Amino acid sequence: MSDKLYVKEKYDAIVVGAGHAGCEAALACARLGLRTIVFTVSADAIAMMACNPNIGGSSKGHLVRELDALGGEMGKAIDETFLQSKMLNASKGPAVHSLRAQADKQAYSGRMRKALEQQENLVIRQAEVAEILVDESGLANKYVRGVRTLSGAEYLAPAVILCTGVYLKARCIYGETSYPTGPNGLMAADHLTGSLIDLGIEVRRFKTGTPARISGNSIDFSKMTEQFGDERIVPFSFSTDPESVQKPQVSCWLTYTNEETHEIIRKNIDRSPLYSGEIEGTGPRYCPSIEDKVVKFPDKDRHQIFVEPEGLYTNEMYLSGLSSSMPEDVQYAMIHTIPGLENAEIVRNGYAIEYDCIDATQLKASLEFQDIRGLFAAGQINGSSGYEEAAAQGLVAGINASRLLKGADPIVMDRSESYIGVLIDDLVTKETLEPYRMMTSRAEYRLLLRQDNADIRLRKYGCEAGLVDEATMDALNEKIRLIEDEIKRVESVNVGPSPKVAEILERHGSTPIEGGISLTELIRRPELSYEALAGADEERPDLPADVREQVNIRIKYEGYINRQLRQVEKFKKLEDHRIPEDINYGEVYGLRIEAAQKLEKLRPRSIGQASRISGVSPADISVLLIHLKQKG
């Protein structure tokens, strides 16, 4: 082929896909000095919110806060474009508090596109990547060298990050209708899967779904319960001025399915592609379709449906809880049985979407492929689900691609440090047989991994990576100093049964005191807090809200926090016990065949990671420890 017939360009890093993972990966690479190009099937769909119109939620809010602490963009973008904000689980303990914001979809996408367009070192290119180019100097020594697009153009780089989302051989299905397309009618990426398979990468088929969108003009909101945002809004980003996000909010609405809805679904269940065999991919367990809920929970006489706005400049409303791939006529019929939706007009049908993804156990904890140096993967291609999970992986992949090219060790956060560490460890260690969703219950040390202290936990890694500047670290260190000083001061303050103290205790339903007692002891009472006792503390300094929050949590939960810290110490001993990269598990005497095969495939970094692999028993770990000690 003549040089005149194709394009050839060179970059430091290539990002394939500009969804939530791709945006964070591309921004991280460019901000760390790599000349970066990001490919997208449509430049108009950068950071598109193809499904739900919100960021955050239970455990997902933790991921966004952690992402922000590391120097990511998602938290800043949603702070500028949200319609409504709520702190979920506020009545429970701080470990499960999770921020969730309704997003203006178009505004959010536009905000992220602007960030990419204005970023130095970053080029956006609309094209379909069809092939990964690899140099092979031996079967166990492959190096990525770039990509080739469908047109034949070659883009060369020593680092490539795959962030393909749900586009690989994507197929949308509802009822008997099926056609090859990505979400929202965008072009599917039909060619890259073959290249991955040719490289020996194991591919699997997953499925997700989305509900119908309806016209807000056709809704009778008087039959629904209005859902308001929080009176005092908390921003996602630690760098956002809290006062800047105090603004009027848009309401959501709550309604319910009923027995008539369920009967329509049951009568037409044979027409559902989920049950007819039309859908082959495995769907998410924790985000079932409405037909799945009706079949699997027959005792439930109703299911919640949240009607959520998609933006300020559109009447489209999202029916959260009504994901479906039923035929079009069935979707109309069941929607019209729901109070307030009797005359609803469908703007977009609900549908299921099947797509190719990889077995993420082929990746290192850095998100680099074990067998192809310089090739990384992040987001739904790794078998995860959700915008937040994708963005977190994208940032980590971008950071580690940069560090690989600079000859630095990857940054890998473990399970005791972050939800991101839990997410990635689960993906690369456990065989994910269905779309993975982050949940607070997956984090063993969740009292330590609260969303409120993500900056204290993770800013250091953002600084080490080069995404957090010294001024930000100085401000954080000052915050930590204020917290520690105030905790010490409060411990030394004693109060007696004065009228002022008695009034405070009575107001909060707390038992009166007869003699002197420390403020620390009072704060630990369930009904009291650092803020509630302000009137009894005459020497209290004027401290920022985030410092006061940390003081209260640290004092109130000190016993539980210390217990988890002791658990983490034991965990760290196993996690810090590294396994040599060149170990031959076939030579480990006494190791069961299944364990040797699993360990050889997954190549764990540490004894701790090895112990979490399915099929590796405690006895296998003991054998491995003896082997490592003998090799010494």
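Let me start at the surface, where R563, R566, K570 and K573 gather in a patch of positive charge; please keep in mind throughout that what we are looking at is a predicted model. One member of that patch, R563, is found in helix α17, which covers residues 558-575, and R563 is partly exposed, with a relative accessible area of 46%.

From the surface I would like to turn to helix α10, residues 387-405, where 18 of the 19 residues are buried, so that the helix is largely enclosed by the rest of the structure. Its length can be checked as well: at 1.5 Å a residue, the 19 residues of α10 should span 27 Å, and the C-alpha atoms at its two ends are indeed 27 Å apart, in agreement with that expectation. Just after α10 comes G407, which takes a positive phi of about 75 degrees.

Which residues other than glycine have a positive phi? One of them is A47, with a phi near 55 degrees; A47 sits in the loop between β3 (36-40) and β4 (54-56), and with a relative accessibility of 0% A47 counts as buried. Another is R603, whose phi is near 50 degrees, and which is placed in the loop between α18 (593-602) and α19 (607-611). At 25% relative accessibility, R603 counts as partly exposed, and its side chain meets that of E600 in a salt bridge, at 2.9 Å from N to O. The partner, E600, is also on the list of partly exposed residues, at 38% relative accessibility.

That brings me to salt bridges in general, of which the structure holds 59, and I will pick out two further pairs. In the pair of K479 and D546, the closest N and O atoms are 3.4 Å apart. This pair links distant parts of the chain, since K479 belongs to helix α13 (residues 470-492) and D546 to helix α16 (residues 545-556), with the two positions 67 residues apart. Is K479 buried or exposed? With a relative accessible area of 9%, K479 is buried, whereas D546, at 32%, counts as partly exposed.

The other pair is K364 with E368, where the closest N and O atoms are 3.5 Å apart; here K364 is partly exposed at 34%, while E368, at 5% relative accessibility, counts as buried.

Finally, salt bridges can also be joined up, and in this model R415, D425, D426, K430, E444, E575 and R612 are linked in a network of them.

How values were computed:
Residues numbered from 1 in each chain as written. Predicted model: local features only at pLDDT ≥ 70, side-chain atom pairs only at ≥ 80, totals over all residues. Heavy atoms only, no water. Patch = residues over 30% accessible without salt bridge, like charges linked within 9 Å, V, L, I, M, F, W, Y side chains within 5 Å. Areas by Shrake-Rupley, 256 points an atom, 1.4 Å probe, with all protein chains shown as cover. Salt bridge = Lys/Arg side-chain N within 4 Å of Asp/Glu carboxyl O. Lys, Arg positive; Asp, Glu negative; His and termini not counted. Charge placed at Lys NZ, Arg CZ, Asp CG, Glu CD. Helix = DSSP H or I, 4+ residues; strand = E, 2+ residues; numbered from the N terminus. Buried < 20%, exposed > 50% of the residue type's maximum accessible area, 1.4 Å probe, protein only. Expected span 1.5 Å × (residues − 1).
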